[in-house]
Amino acid sequence: MTTVDDVRSIALSLPEATEKLAWGLPTFRVRNKIFASIGDDDAAIGVAVPRPERAHLLAAEPTKFYIRQGHDDNYDWMRVRLAAVDQDELRELLTDAWRLKAPKRLIALLE
């Protein structure tokens, strides 16, 4: 099982990633664009994800991924239950979310 500490460690290992409180919750940003956040119960995180990919993930693994009705459905965003992902999958999800928000110059640093 992954933890909030794992989320923080992976997110902040990405180029120019920073942590900042918003709405009373930790968010992770690149160039001030939010790519992930920790939920208020430390059991789930939110990540940026393109809507077509989100639809596929939600349908394929509804016990792992979900949206918060009335909020996430309006954005390119979904929730991930930390108990349902291992560290490798968490790293992939966070890195993909970071790539959606990072400028091309930074993305090139990872490749």
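Biologist: Where do Arg 99 and Asp 96 lie, and how far apart in the helix?

Modeller: Both are in helix α3, three residues apart, which is about one turn of the helix. Keep in mind that this is a predicted model.

Biologist: What do the side chains of Arg 99 and Asp 96 form?

Modeller: A salt bridge, in which the closest N and O atoms of Arg 99 and Asp 96 are 3.6 Å apart.

Biologist: Are those two buried or exposed?

Modeller: Neither. Arg 99 has 30% relative accessibility and counts as partly exposed. Asp 96 is also partly exposed, at 32%.

Biologist: And Thr 95, buried or exposed?

Modeller: Thr 95 is buried, with a relative accessible area of 13%. The cut-off for buried is under 20%, so 13% qualifies. Thr 95 is in helix α3 as well.

Biologist: What is Thr 95 in contact with, leaving aside neighbours within four places in sequence?

Modeller: With that exclusion, Thr 95 contacts Leu 14 and Leu 110.

Biologist: How many salt bridges does the structure hold?

Modeller: Eight. One of them joins the side chains of Arg 8 and Glu 19, at 2.8 Å from N to O.

Biologist: Which parts does the Arg 8 and Glu 19 pair tie together?

Modeller: Arg 8 belongs to helix α1 and Glu 19 to strand β1, residues 17-22, so the pair ties together parts that are 11 residues apart in sequence. Arg 8 is partly exposed at 25% relative accessible area, and Glu 19 is partly exposed at 34%.

Biologist: Which residue does Arg 79 meet in a salt bridge?

Modeller: Asp 72, with 2.7 Å from N to O between the side chains. Arg 79 is buried, and Asp 72 is buried too.

Biologist: Any network? Which residues are linked in it?

Modeller: Glu 16, Arg 31 and Arg 105 are linked in a network of salt bridges.

Biologist: Where is Glu 16?

Modeller: Glu 16 sits in the loop between α1 and β1. Its phi is near 60 degrees, which is a positive value in a residue other than glycine. Glu 16 counts as partly exposed, at 39% relative accessibility.

Biologist: What about phi of Asp 42?

Modeller: Asp 42 is not a glycine either, and has a positive phi of about 60 degrees. Asp 42 is in the loop between β3 and β4 and is partly exposed, at 46% relative accessibility.

Biologist: How far is Asp 42 from Asp 5, in sequence and in space?

Modeller: Asp 5 and Asp 42 are 37 residues apart in sequence, and their C-alpha atoms are 9.7 Å apart in space. Asp 5 is in helix α1 and is exposed, with a relative accessible area of 57%.

Biologist: Staying on α1, what does Leu 12 touch, sequence neighbours within four places left aside?

Modeller: Leu 12, which is found in helix α1, is in contact with Ala 17, Thr 18, Glu 19 and Phe 28 on that count. Leu 12 is partly exposed, at 36% relative accessible area.

Biologist: Now the core. Which residues touch the most other members of the largest nonpolar core?

Modeller: Phe 35, Ile 45, Met 78 and Leu 94, out of 31 residues in the largest nonpolar core. Elements that each supply at least two residues of this core include α1, β2, β3 and β4. The largest share comes from α3, with five residues.

Biologist: What does Leu 94 touch, not counting residues up to four places away in sequence?

Modeller: Leu 94 touches Val 7, Ile 10, Ala 11, Leu 14, Phe 35, Ala 36, Ile 45 and Val 47.

Biologist: Last topic, pockets. What volume does the largest one have?

Modeller: About 490 Å³. Its lining has 19 residues, and the closest to the centre are Trp 23, Ser 37, His 71, Trp 77 and Arg 79. Arg 79 is the buried residue that meets Asp 72 in a salt bridge.

Biologist: Which elements give two or more residues to that lining?

Modeller: Those are β2, β3, β4 and β6. β3 gives the most to the lining of the largest pocket, with three residues.

Biologist: How do the lining residues divide into nonpolar, polar and charged?

Modeller: The lining of the largest pocket has nine nonpolar, four polar and six charged residues.

Notes. Residues are numbered from 1 along each chain as its sequence is written. This is a predicted model: local features need pLDDT of at least 70, side-chain atom pairs count only at pLDDT 80 or more; totals for chains, interfaces and linings use all residues. Side-chain values use heavy atoms; hydrogens and water are left out. A nonpolar core is a set of buried Ala, Val, Leu, Ile, Met, Phe, Trp, Tyr and Cys residues joined through side-chain atoms within 4.5 Å. Buried means under 20% relative accessible area, exposed over 50%, partly exposed in between (1.4 Å probe, protein chains only). Helices (H or I, at least four residues) and strands (E, at least two) are DSSP runs, numbered from the N terminus. Contact means heavy atoms within 4.5 Å. A salt bridge is a side-chain nitrogen of Lys or Arg within 4 Å of a carboxyl oxygen of Asp or Glu. On a 1 Å grid over the protein atoms alone, a cavity is a set of points where a 1.4 Å probe fits but cannot get out, and a pocket is an open set with protein on both sides within 12 Å along at least five of seven lines; lining residues have an atom within 4 Å of a point. Grid points are joined across faces, edges and corners, and a volume is the space filled by probe spheres set on the points. Ala, Val, Leu, Ile, Met, Phe, Trp, Tyr, Cys and Pro count as nonpolar, Asp, Glu, Lys and Arg as charged, and the others, Gly among them, as polar.
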